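The following questions and answers introduce one protein structure to a new reader. Please look at the sequence and the model first.

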Amino acid sequence: MALGVYGFGCEDALQHLINFVWPNIFETSPHLVQSFNDAADGFRVSLGACKVLQYTLQGLFHPARKVRDVYWKVYNGLYIGSQDALVAHYPRFNIGGVNGFERFELEYFL
């Protein structure tokens, strides 16, 4: 359904739909896992990689390994599908001290 309305200006309805689909990320039956991955790919195309990345970042560094594994699988699919669109939306980490990591070239364009 998300791929069928791509480009029609239905992003608010798709945002509402992803709020209903996203809690199914922890399903364990194979057909629901495949359905969720397909839905996540559809949302990646229709809503954009930034919105799906925002949902994915919350679980990438979760303390529980089972939660991390599921979210990393979604992130890997997101990275394979649209790695160029993700660069501008990575979060900024303020790491002070000796290691001052900056993104100078990216800040030129923003």
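Helices (H or I, at least four residues) and strands (E, at least two) are DSSP runs, numbered from the N terminus. This is a predicted model, in which local features need pLDDT of at least 70, side-chain atom pairs count only at pLDDT 80 or more, and totals for chains, interfaces and linings use all residues. Residues are numbered from 1 along each chain as its sequence is written, and side-chain values use heavy atoms, with hydrogens and water left out.

Q: How many helices and strands are there in the protein?
A: Along the sequence, the pattern reads α-α-α-α-α-α. The count is therefore, under the DSSP definition of such runs, six helices and zero strands.

Q: What percentage of the 110 residues counts as buried?
A: A residue is buried when its relative accessible area is under 20% (1.4 Å probe, protein chains only). Of the 110 residues of the protein, the share that meets this criterion is 26%.

Q: Are α3 and α4 roughly parallel or roughly antiparallel to each other?
A: The axes of α3 (residues 49–60) and α4 (residues 65–81), which are lines fitted to C-alpha atoms over the stretch in contact, with angles running from 0 to 180 degrees between N-to-C directions, come within 8 Å and cross at roughly 155°. Angles over 145 degrees count as roughly antiparallel. The relation of α3 to α4 is therefore roughly antiparallel.

Q: Which residues of α4 make the contact with α3?
A: Contact means heavy atoms within 4.5 Å. From α3, the participants include Leu53 and Tyr55. From α4, they are Val67, Arg68, Tyr71, Trp72, Val74, Tyr75 and Leu78.

Terms used: Angles under 35 degrees count as roughly parallel, over 145 as roughly antiparallel, 65 to 115 as roughly perpendicular and the rest as oblique. Buried means under 20% relative accessible area, exposed over 50%, partly exposed in between (1.4 Å probe, protein chains only).
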